Amino acid sequence: MSHREPAVPGPAELLRRRLDGDPSRPLVTYYDDARGERVELSARTFDNWVAKTANFLVDGLAAEPGGRVVLALPPHWQTAVWLMACWSAGLVAEPVDPATVLERDAAGAEPLGASGPYILAAAEEVLDVVLADPRVDGEAEEVVGLSLHPLGGPLADCPVGVTDYAAEVRSYGDRFAPGPEVTPELPALDVTKTTLTGAELVAAARAAAAKWELDASSRVLVDMPFTTLDGVMAGLVAPLASGASVIIQRNFDKAALDRRLTLEHVTAVAGLPGWMDASGSVRRLG
């Protein structure tokens with residue numbers, strides 16, 4: 001019997017198709033204006049990071065399809081990598097905004113939303129907070145710390161019981177082959193109390209890309225967290241579904257905007273203060 005692709009693929013299939021097309025073209029560009037950082041990843045380089053991270057999750061952390069991964073990570077190219085690695089391995093990604101984690105901690109509330117066993121990937125800036133949460137100690141099967149260093153540096157101080165992502169991930173293979181149990185029908189994303197399968201995520205991305213009129217020539221500048229469906233759509237999946245590329249920015253400096261629009265050949269924006277579309281989604285530039 002010949003292999004038949006599903007009518008609606010999962011997100012990992014969208015990345016594979018991009019690789020079959022133009023793997024050297026930029027897929028994700030990242031700016032942190034507070035730290036003066038710029039990182040650009042082609043589809044091929046992004047895929048290598050995704051594969052290494054998926055292998056790390058499966059072979060290093062014993063993650064199994066259907067398992068949950070909480071991502072206490074800011075808007076960042078590594079957050080996009082982790083989302084795609086989770087989907088490649090059949091895991092449910094639950095993004096949590098680190099700023100919200102800190103605010104909830106200050107208010108004495110529970111900082112994390114997951115229940116039951118899960119893997120936690122946390123930015124270095126919130127590691128102390130999440131490790132102090134007794135529920136993390138009771139339910140997180142593994143805690144992974146990300147320095148988010150532009151050159152891939154390790155954590156400045158790796159706490160006991162935490163796995164340093166940067167120190168571990170490079171030793172894993174840059175090709176990942178999921179098992180047959182990983183299908184687009186598996187749950188893939190949990191945001192704002194809604195869970196979507198991989199197929200639903202791709203269907204939503206295709207609809208969003210059509211609504212926002214994205215195509216292979218589009219360059220989308222995004223200043224949104226990955227903690228809402230619009231953020232995930234604009235920041236990763238809709239550009240991937242349409243052949244577009246995305247510029248993720250953090251700690252936005254308005255003084256840099258005009259030059260960035262020109263330098264990066266931006267054709268659409270999402271999440272910029274004063275530039276929001278009436279629906280809060282992507283706005284095309286003239």
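## Working through a predicted model

Thr 192 sits in the loop between strand E8 and strand E9 (194-197). Keep in mind that this is a predicted model. Let's begin with that residue.

**Exercise 1.** Work out whether Thr 192 is buried or exposed, and find what stands out about its phi.

*Solution.*
- Step 1: Place the residue. Thr 192 belongs to the loop that joins E8 to E9.
- Step 2: Check the accessibility. Its relative accessibility is 54%, and the cut-off for exposed is over 50%, so Thr 192 counts as exposed.
- Step 3: Look at the backbone. Phi of Thr 192 is near 45°, which is a positive value in a residue other than glycine.
- Step 4: See who touches it. Thr 227 is in contact with Thr 192, and also with Pro 95, Val 96, Asp 97 and Val 191, once neighbours within four places in sequence are set aside.
- Step 5: Place that partner. Thr 227 lies in the loop between strand E10 (219-222) and H9.

**Exercise 2.** Find a second residue, Leu 148, with a positive phi, and work out whether Leu 148 is buried or exposed.

*Solution.*
- Step 1: Phi of Leu 148 is near 60°, again positive in a residue other than glycine.
- Step 2: Leu 148 is in the loop between strand E6 (140-146) and strand E7 (162-164).
- Step 3: With a relative accessible area of 3%, Leu 148 is buried.
- Step 4: Put the two side by side: Leu 148 is buried, whereas Thr 192 is exposed.

**Exercise 3.** Describe the largest cavity: how much space lies in it, and which residues line it?

*Solution.*
- Step 1: Start with the idea. Rolling a probe the size of a water molecule over the atoms shows where empty space is left.
- Step 2: Count. There is 1 cavity of 30 Å³ or more.
- Step 3: Size it. The largest cavity holds about 50 Å³ of space.
- Step 4: Read the lining. Leu 148 from the last exercise is one of the lining residues, along with others including Trp 49, Gln 78, His 149, Tyr 165 and Arg 170.
- Step 5: Sort by class. The lining has 5 nonpolar, 5 polar and 1 charged residues.

**Exercise 4.** Now take the largest pocket, and find which element gives the largest share of its lining.

*Solution.*
- Step 1: About 900 Å³ of space lies in this pocket.
- Step 2: Its lining is made up of 38 residues, and those nearest the centre are Ala 12, Glu 13, Arg 16, Ser 88 and Pro 178.
- Step 3: H1, H2, H3 and E8 are the elements that give two or more residues to the lining.
- Step 4: H1 gives the largest share, with 7 residues.
- Step 5: By class, the lining splits into 21 nonpolar, 8 polar and 9 charged residues.
- Step 6: Follow H1 further. In this helix (residues 11-21), Pro 11, Glu 13, Leu 14, Leu 15 and Arg 18 are buried.
- Step 7: Ask what covers those buried residues: the cover includes strand E1 (26-32) and the helices H2 (43-60), H3 (77-88), H8 (198-211) and H9 (229-242).

**Exercise 5.** Of the structure's salt bridges, work out which parts of the chain the Arg 68 and Asp 190 pair links.

*Solution.*
- Step 1: The structure holds 14 salt bridges.
- Step 2: In the bridge between Arg 68 and Asp 190, the closest N and O atoms are 2.8 Å apart.
- Step 3: This pair links distant parts of the chain, with Arg 68 in strand E3 (residues 68-72) and Asp 190 in strand E8 (residues 187-191), 122 residues apart.
- Step 4: Arg 68 counts as partly exposed at 23% relative accessibility, while Asp 190 counts as buried at 15%.
- Step 5: Try another pair. The side chains of Arg 175 and Asp 174 meet in a salt bridge at 3.8 Å, N to O. Arg 175 is exposed at 62%, and Asp 174 is partly exposed at 34%.
- Step 6: Look for shared partners. Glu 13, Arg 16, Arg 17 and Asp 20 are joined by such salt bridges into one network.

**Exercise 6.** Find which side chain makes a polar contact with the side chain of Gln 249.

*Solution.*
- Step 1: Gln 249 is in strand E11 (residues 245-250).
- Step 2: Its relative accessible area is 0%, so Gln 249 is buried.
- Step 3: The partner is the side chain of Arg 260, at 3.1 Å.
- Step 4: Beyond residues up to four places away in sequence, Gln 249 also touches others, among them Tyr 31, Pro 75, Leu 221 and Leu 272.

Terms used
Residues are numbered from 1 along each chain as its sequence is written. This is a predicted model: local features need pLDDT of at least 70, side-chain atom pairs count only at pLDDT 80 or more; totals for chains, interfaces and linings use all residues. Side-chain values use heavy atoms; hydrogens and water are left out. On a 1 Å grid over the protein atoms alone, a cavity is a set of points where a 1.4 Å probe fits but cannot get out, and a pocket is an open set with protein on both sides within 12 Å along at least five of seven lines; lining residues have an atom within 4 Å of a point. Grid points are joined across faces, edges and corners, and a volume is the space filled by probe spheres set on the points. Ala, Val, Leu, Ile, Met, Phe, Trp, Tyr, Cys and Pro count as nonpolar, Asp, Glu, Lys and Arg as charged, and the others, Gly among them, as polar. A salt bridge is a side-chain nitrogen of Lys or Arg within 4 Å of a carboxyl oxygen of Asp or Glu. Helices (H or I, at least four residues) and strands (E, at least two) are DSSP runs, numbered from the N terminus. Buried means under 20% relative accessible area, exposed over 50%, partly exposed in between (1.4 Å probe, protein chains only). Contact means heavy atoms within 4.5 Å. A polar contact is a pair of N or O atoms within 3.5 Å; within protein, one must be able to donate a hydrogen and the other to accept it, and residues adjacent in sequence count only if both atoms are side-chain atoms.
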